[in-house]
Amino acid sequence: NIYHDKDADISLVQNKTVSFIGYGNQGRAQALNLRDSGVKNIIIGNQQDDYAEQARKDGFENVVTITEAVAQGDILMLLIPDEDQQTVWNEQIRSCIKPNTTLVVASGYNVAFNLLDIPEDMDVVMVAPRMIGAGVRDRYVKKIPYPCFVSVEKDSSGQALKTCLSIASAIGATRGNGAVESSCREEAGIDLFAEQAIWPEIMVIMREAYNVLHEAGFSDEAILFDMYMSKEPAEIFERAATEGIVKQLKYHSRTSQYGQLSTMNKNDGKQIREKFQNILQKNILSGNFAQKWSNQKWAAEELPKEWKVVEEAPIVQAELRVQKLMKDFIKSE
Ligand code: NDP
């Protein structure tokens, strides 16, 4: 299902008190968009630091603690990093929520994996722009559409879809082609799958390609520029987005087209499909990853360890050498 401006009643959100929990990347953009869409009662919840200062500079008068913002809000926009949401929810949000409020999340993660203890009478919706905050603001101002996922996750009032669409339209997300109906499970599942299956596989390919070519005596400069430092892959992905991942091949030489197609067509993908299915089912959809990652102490220790391992990788060392040698070229690009 796709929802357009015509499906939304913007007056619903205009008549509510909207509390922002977090004034960062998404928080700032969405708060400014809502205000420009005629939402008068906006409260910004943040500790008194640079983010709060920014909110005041942007003309928001009601900049208070998260707890105070939550206590007043009919609609709670939960816009702090995903990995902090559970702790902040338990310590600063849960006990202050008014009756019959709506929680709005911009990513599916915490709802999909049941990390938040949601009150019985609360509605839960997702309005998830597929765009960084600066883009959400810039496109709103320029009246340009941008992609966004929406969903109703819990409908206690019977009005959750209306509230969801009202907010989506007030941040400019139902313009043009409209907002796409999805779900927290789908949004979080695909996001985590990209992070744990697709991109690591691409990085392993680059790492091993470098190792093989390096062992064969090719120079680091030639290998890395051919693989990605020339930014050719960026152009390929740009065309993949507009024309198709396979159809963009028509811009390559015939030799390249034959090499790519004949190799790909021979590969039935069975091995990688099994691996991907395992990651999706056993690690992601089972909630195993989310449970591990929401242990903040464990997470804080594990991430630096992974960085340490990768710093020693030959491809990373080669990049440092080549970046130094080709500094002017890389900068000028
Ligand atoms: P940011 O990192 O920009 O969030 C910063 C805000 O969160 C600040 O107000 C900061 O305040 C607050 N914050 C950070 N840590 C804590 C904490 N422990 N306790 C209380 N407040 C905290 O987040 P984003 O805007 O990037 O992400 C917000 C949500 O939007 C997430 O769910 C994300 O997945 C989603 N999203 C993000 C997109 C993006 O491009 N960034 C795109 C689409 C969705 P302070 O540090 O002062 O406490």
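What follows is a short dialogue about a predicted model of a protein with a ligand.

Visitor: What makes a local feature count in this predicted model, and how are residues numbered?

Guide: Local features need pLDDT of at least 70, side-chain atom pairs count only at pLDDT 80 or more, and totals for chains, interfaces and linings use all residues. Residues are numbered from 1 along each chain as its sequence is written.

Visitor: What pLDDT does the protein average?

Guide: The average is 96, and 99% of the residues score at least 70. pLDDT is the predictor's confidence in each residue, from 0 to 100. For the complex, the predictor gives an ipTM of 0.98 and a pTM of 0.89.

Visitor: How many helices and strands are there, and what makes a run count as one?

Guide: The protein has 17 helices and nine strands. Both are DSSP runs, numbered from the N terminus: helices are H or I with at least four residues, strands are E with at least two. The C-alpha trace spans about 65 × 45 × 45 Å along its principal axes.

Visitor: Why is A173 called buried?

Guide: A residue is buried if 20 or more other C-beta atoms lie within 10 Å of its own, exposed if 12 or fewer, and partly exposed in between, with C-beta atoms placed from the backbone. A173 has 32 other C-beta atoms within 10 Å, so A173 is buried. Its place is the loop between helix 8 (160-170) and strand 9 (179-181). Across the protein, 29% of the 333 residues count as buried.

Visitor: Which residues does A173 contact, leaving aside neighbours within four places in sequence?

Guide: They are V127, P129, Y146, C148, A168 and A179. Contact means that two C-beta atoms, placed from the backbone, lie within 7 Å. Of the protein's contacts with a separation of 6 or more, 71% join residues 24 or more positions apart.

Visitor: Why is D117 called exposed?

Guide: D117 has 10 C-beta neighbours inside 10 Å, so D117 counts as exposed. D117 sits in the loop between helix 6 (109-112) and strand 7. From D117 to C96 is 13 Å, C-alpha to C-alpha, and 21 residues in sequence.

Visitor: Is K231 exposed or buried, and what is notable about its phi?

Guide: K231 has 12 C-beta neighbours inside 10 Å, so K231 is exposed. Its phi is near 70°, a positive value in a residue other than glycine. Most residues other than glycine have a negative phi. K231 lies in the loop between helix 10 (220-229) and helix 11 (232-243).

Visitor: What makes N100 partly exposed?

Guide: N100 has 13 other C-beta atoms within 10 Å, and therefore counts as partly exposed. N100 also has a positive phi, near 55°. The loop between helix 5 and strand 6 holds N100.

Visitor: How do you know that the length of helix 15 agrees with its residue count?

Guide: The expected span of a helix is 1.5 Å times one less than its number of residues. Helix 15 (residues 296-311) has 16 residues and should span 22 Å; its end C-alpha atoms are 23 Å apart, so the two agree. The number of its residues that are buried is zero, so helix 15 lies largely in the open.

Visitor: What about helix 13?

Guide: Helix 13 (residues 270-285) also agrees: 22 Å is expected for 16 residues, and its end C-alpha atoms are 21 Å apart. One of the 16 residues is buried, so helix 13 lies largely in the open. After helix 13 comes G287, with a positive phi near 85°.

Visitor: What order do the strands take in the sheet, and why are strands 1 and 4 called edges?

Guide: The open sheet of nine strands runs 1-9-8-7-6-5-2-3-4, with mixed pairing. Strand 1 (2-3) and strand 4 (63-64) each have a single partner strand, so one side of each is left without a neighbour in the sheet. Two strands pair if DSSP finds at least two bridges between them.

Visitor: How do you know that strand 2 pairs with strand 3?

Guide: Five bridges join strand 2 (residues 17-21) to strand 3 (residues 41-45), and the two run parallel. V18 has I42 as its bridge partner. Strand 2 is mostly covered, with four of its five residues buried. Strand 5 (residues 75-78) and strand 6 (residues 102-105) are also parallel, joined by four bridges. There, I75 stands opposite T102.

Visitor: Which residues come nearest the ligand, and what makes a residue near?

Guide: A residue is near if its C-beta atom, placed from the backbone, lies within 6 Å of the molecule. Of the 22 residues around the ligand, G22, G24, N25, Q26 and S107 come nearest. Helix 2 (25-36), helix 5 (82-93) and strand 7 (123-129) each give two or more residues to the shell.
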